[in-house]
Amino acid sequence: MSELHYLYGKPLGTADLRTQNRDFIVKEILPFSPTGEGEHHMLHVRKEGLNTVQVAEMIAKFAKVHPKEVTYAGQKDKNAITEQWFGVRIPGKETPPWKDLNSERLTILSSSRHSKKLRIGALVGNRFILTLRNVTQVEDIISRIEKVAQVGVPNYFGEQRFGHDGKNLVFGRQMMAGKKVKDRNKRSMYLSAVRSNLFNTVVSYRLANHGTKPLAGDCVMLAGSKSFFVTPEWDLIVLKRLIEKDIQLSAPLWGRGMMLPQGEAAAVETLAMSELADDCYGLEHAGLEQERRPLLLEPQALKYEQTAYGLVLEFVLPAGSFATSLLRELVNYQDVKEQQWQATLVQEPAPEATNANVAADTIETKTEAAPNTEAES
């Protein structure tokens, strides 16, 4: 990630992140409320020292259902305090005493029946409360916060997407070159790493060479939507929509099909990807379709507070984005929990001999159980 372009230049300040679990608080935001009836039970859970899969297994065992009947919208890290939703399908049964699950590490905040299954990605976003300790150059950080609140940050996929030492990307390229990976979920994770790296490369190249200005032929996305359209020329009406943030500039999630931008924008993306032709070819032949992702990540409700022990940041990010992408524009931070985890990490074998846990393109996880500092979708 260090080679990617900084929109505001490399930060001057330094800080420690996640010295304690309570330094990293994440709260899911659902786009709906439970209906109060139906065969699905919605559990609002607060956890610490447990990852999402562990909680799902605990819920399945407690409710005496098959693990596949327990679902969640996004994965959350073990080394944090997080609040998230779980869905449990229990047709024709009485409501279990969910509060009996409560422990020092797990609290059932609420429970209600619902008419539909909770599916992966069913999130509006996540609210973050992050505490930075041992902070230096506070004035520089605050200045950057004010800029980010106005413009945003590059919408990079975070380092978690690429696994420890970028191994997911390495394994993905090996797989596309012919190595066999039997695990379907693992194949998805490796392809996602290759696709994400291509996106990051295009975003970095464009911002380094053209900044945030629109280009003729841009493929723009409707804010809060995956819908997009091409702008052959930027007239005053379309430009006004961009300024008012009704539409967003975008970059490619590569796959088969014609390149979506035209003209100058297409030329810029082609040049940015010129050294990654093998990755493009592999993604096309893996069955992925052309998609788009916003060029910039614009946090909502961004605010900060100086305290006796550091700096507290609070913000909301849309589903599928990474808190680390925001933090890297503000400060040179070291993730204390991440460093502790890496110090004990056992080297992962080659992909054909591996059966680790995985993530689809809409889920932000990584190989093993590395700390996850993102907004899960």
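Below are some worked exercises on a predicted model, each a task followed by a stepwise solution.

**Exercise 1. Aromatic pairs**

Work out how Phe128 and Phe315 are arranged, and which parts of the chain they tie together.

*Solution.*
- Start with the tally: the model has 7 aromatic pairs.
- One of them is Phe128 with Phe315, with ring centres 5.3 Å apart and 20° between the planes. Planes under 30 degrees apart count as stacked, so this pair gets that label.
- Now place the two rings. Phe128 sits in strand S7 (residues 125-133) and Phe315 in strand S15 (residues 310-318), so the pair joins parts that are 187 residues apart in sequence.
- Check the burial next. Phe128 is buried at 0% relative accessible area, and Phe315 is buried at 0% as well.
- Finally, look for company: Phe24, Phe128 and Phe315 make up one aromatic cluster. Over the face of Phe24 you'll also find Arg18, 5.2 Å from the ring centre.

**Exercise 2. Another phenylalanine pair**

Classify the pair Phe157 and Phe322, then say where the two residues lie.

*Solution.*
- The geometry reads 6.1 Å centre to centre, with 75° between the planes. Over 60 degrees is the edge-to-face range, so that's the class of this pair.
- For location, Phe157 is in the loop between strand S8 (153-154) and helix H3 (167-176). Phe322 is in the loop between S15 and helix H8 (323-330), 165 residues apart from Phe157.
- Both Phe157 and Phe322 are buried.

**Exercise 3. Finding the core**

Which residues touch the most other members of the largest nonpolar core, and which helix gives the most to this core?

*Solution.*
- The largest nonpolar core has 61 residues, and the ones touching the most other members are Phe128, Leu313, Phe315 and Leu330.
- Helix H4 (residues 184-210) is the top contributor, with 10 residues.
- Zoom in on Leu313. Skipping residues up to four places away in sequence, its contacts include Phe128, Ile129, Leu130, Leu132, Leu327 and Leu330.
- Apart from this core there's another one of 18 residues, including Leu50, Val55, Ala63 and Trp98.
- As background, nonpolar side chains in soluble globular proteins tend to be buried together.

**Exercise 4. A helix inside**

Decide whether H8 is largely enclosed or exposed.

*Solution.*
- Go residue by residue: Ala323, Thr324, Ser325, Leu326, Leu327, Arg328, Glu329 and Leu330 are buried.
- That makes 8 of the 8 residues of H8, so the helix is largely enclosed by the rest of the structure.

**Exercise 5. Cysteines**

Explain why Cys219 and Cys280 are not bonded to each other.

*Solution.*
- The disulfide count for the structure is 0.
- For Cys219, the nearest cysteine sulfur belongs to Cys280, 16 Å away. A disulfide needs the sulfurs within 2.5 Å, so 16 Å is too far for a bond.
- Both side chains are still tucked in: Cys219 is buried at 0% relative accessible area, and Cys280 is buried at 9%.

**Exercise 6. Reading the annotations**

Locate what UniProt marks as "active site" and as "domain: TRUD".

*Solution.*
- The unreviewed UniProt entry puts "active site" on Asp77.
- In the model, Asp77 lies in the loop between strand S4 (70-72) and strand S5 (81-89). With 5% relative accessibility, Asp77 is buried.
- The same kind of record, again unreviewed, assigns "domain: TRUD" to residues 152-297. The end C-alpha atoms of that span are 5 Å apart, and the span is 44% helix and 16% strand.

**Exercise 7. Loops worth a look**

Describe Tyr309, then check the phi angles of Asp165 and Lys245.

*Solution.*
- Tyr309 is in the loop between strand S14 (300-307) and S15, and is partly exposed at 43% relative accessibility.
- Its C-alpha is 7.3 Å from that of Asn134, although the two are 175 residues apart along the chain. Beyond its neighbours within four places in sequence, Tyr309 contacts Thr131, Leu132, Arg133 and Asn134.
- On to backbone angles: most residues other than glycine have a negative phi.
- Asp165 has a positive phi of about 60°. This residue sits in the loop between S8 and H3 and is exposed, at 61% relative accessibility.
- Lys245 also has a positive phi, near 65°. You'll find Lys245 in the loop between helix H5 (236-243) and strand S11 (247-253), partly exposed at 37%.

Conventions
Residues numbered from 1 in each chain as written. Predicted model: local features only at pLDDT ≥ 70, side-chain atom pairs only at ≥ 80, totals over all residues. Heavy atoms only, no water. Phe/Tyr/Trp six-rings, centres within 6.5 Å; stacked < 30°, edge-to-face > 60°. Helix = DSSP H or I, 4+ residues; strand = E, 2+ residues; numbered from the N terminus. Buried < 20%, exposed > 50% of the residue type's maximum accessible area, 1.4 Å probe, protein only. Lys NZ or Arg CZ within 6 Å of the ring centre and 35° of its normal. Core = buried A, V, L, I, M, F, W, Y, C linked by side-chain atoms within 4.5 Å. Contact = heavy atoms within 4.5 Å. UniProt positions renumbered as here; feature names shortened; annotations may be inferred.
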